[in-house]
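Here is a friendly walk through one protein model, meant to be read with the coordinates open beside you. We begin with the whole chain and then turn to a few helices and two single residues.

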Amino acid sequence: MEILGDVVSNKRKIQRGDYLHRTGTRFQTLFAVRRGSLKTSVLEEDGRQQVTGFYMTGELLGLDAISTEIYTCDAIALEDSEVCEVPFAKLEEISLSIPSLMHQFHKIMSREIVRDHGVMLLLGSMKAEERLATFLLNLSQRFVIRGYSASDFNLRMTREEIGSYLGLKLETVSRAFSKLQDENIINVDNKHIQINDMDRLRLKMGHSSCAA
């Protein structure tokens, strides 16, 4: 993110519910989340919005548009947020003189691929509790990387958005939260999550891979 500071051309504030970019618009810019959080989604044939990802401070949006040169999803702010615009052409130009920048960029892209594989695993083989446990543990890891608590955090997305992302109905997500709370693995207070027993939550996963 420090290196990207030399590339950034503009900082942009987005109000909760506003679009950062829409599906089908021309790709020119990557976006680094400076503050807040966003979700990405695609429109299904039946008109439903399918959530495809959640992004928090320090993460990049728009990587999926590099090959097609158009944004393949909508990006919407989950709360009042701020992003840094990173012109891709400028990034490529600077990367020629700073090999370490391209190396870091490749690492970011690799992490995105691993994340996509994790989502496929979630949707293909896990039960509802396993999906939710994996989701919460991944959020925990991402908060720790940013210097926040691993066990005490607020969700910025709704239960419905979590369900869309995990391939679960709203009522199934609510039941999974309630079951984890009944077993005293987590405490839930609206969007506030307290993980009481990280080891037992990991056991709920049933798999070693975390998706987000």
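## The overall picture

Among contacts in the protein between residues at least 6 apart in sequence, 73% link residues at least 24 apart. Please keep in mind that this is a predicted model. Its secondary structure comes to six helices and eleven strands, and 44% of the 212 residues are buried.

## Helix H5 and its two faces

Helix H5 covers residues 170-182; with 13 residues, it reaches 18 Å from its first C-alpha to its last, close to the 18 Å expected at 1.5 Å a residue. Which residues of H5 are buried? They are Thr 172, Val 173, Ala 176, Phe 177 and Leu 180. Viewed down the axis of H5, these buried residues fall within an arc of 140°, so they line one face of the helix. The general background is handy here: an α-helix has 3.6 residues a turn, so residues three or four places apart point the same way.

The face of H5 turned away from the buried side carries the exposed residues Arg 175 and Asp 182. On the buried side, the cover includes helix H3 (128-145), helix H4 (159-166) and helix H6 (198-205), along with strand E10 (186-189) and strand E11 (192-195). After H5 comes Asn 184, which has a positive phi, near 60°.

## How H4 packs against its partners

H4 is a good place to look at helix packing, as it pairs with both H5 and H3. The table sets out the two pairs.

| Helix pair | Angle between axes | Distance between axes |
|---|---|---|
| H4 and H5 | about 105° | 8 Å |
| H3 and H4 | about 110° | 11 Å |

How does H4 lie relative to H5, roughly parallel or roughly perpendicular? With an angle of about 105°, H4 is roughly perpendicular to H5. In this pair, Arg 159, Glu 160, Ile 162 and Gly 163 of H4 meet Leu 170, Val 173 and Phe 177 of H5. By class, that contact has four nonpolar, one polar and two charged residues. Val 173 and Phe 177 are also listed among the buried residues of H5.

The angle between H3 and H4 is about 110°, and these two helices are therefore roughly perpendicular to each other. Here Arg 131, Leu 132 and Phe 135 from H3 meet Ile 162, Tyr 165 and Leu 166 from H4. The residues of this contact divide into five nonpolar, no polar and one charged. Ile 162 of H4 appears in the contact with H5 and in the contact with H3.

## Helix H3 and Ser 140

H3 has 18 residues and spans 26 Å from its first C-alpha to its last, close to the 26 Å expected at 1.5 Å a residue. This helix is mostly covered, with 14 of its 18 residues buried. Just after H3, Gly 147 takes a positive phi of about 85°.

Ser 140 has its place in helix H3. Is Ser 140 buried or exposed? Its relative accessible area is 4%, under the 20% cut-off, so Ser 140 is buried. Not counting residues up to four places away in sequence, Ser 140 touches Ala 150, Phe 153, Ile 195 and Met 198.

## A loop residue, Ile 66

Ile 66 sits in the loop between strand E6 (60-61) and strand E7 (74-77). Leaving aside neighbours within four places in sequence, Ile 66 is in contact with Phe 27, Phe 88, Phe 105 and Met 109. The C-alpha atoms of Ile 66 and Leu 30 are separated by 9.0 Å, and the two residues are 36 residues apart along the chain.

Definitions and conventions: Residues are numbered from 1 along each chain as its sequence is written. This is a predicted model: local features need pLDDT of at least 70, side-chain atom pairs count only at pLDDT 80 or more; totals for chains, interfaces and linings use all residues. Side-chain values use heavy atoms; hydrogens and water are left out. Helices (H or I, at least four residues) and strands (E, at least two) are DSSP runs, numbered from the N terminus. Contact means heavy atoms within 4.5 Å. The expected span of a helix is 1.5 Å times one less than its number of residues. Buried means under 20% relative accessible area, exposed over 50%, partly exposed in between (1.4 Å probe, protein chains only). The arc is that of the directions from the helix axis to the C-beta atoms. Axes are lines fitted to C-alpha atoms, for helices over the stretch in contact, and angles run from 0 to 180 degrees between N-to-C directions. Angles under 35 degrees count as roughly parallel, over 145 as roughly antiparallel, 65 to 115 as roughly perpendicular and the rest as oblique. Ala, Val, Leu, Ile, Met, Phe, Trp, Tyr, Cys and Pro count as nonpolar, Asp, Glu, Lys and Arg as charged, and the others, Gly among them, as polar.
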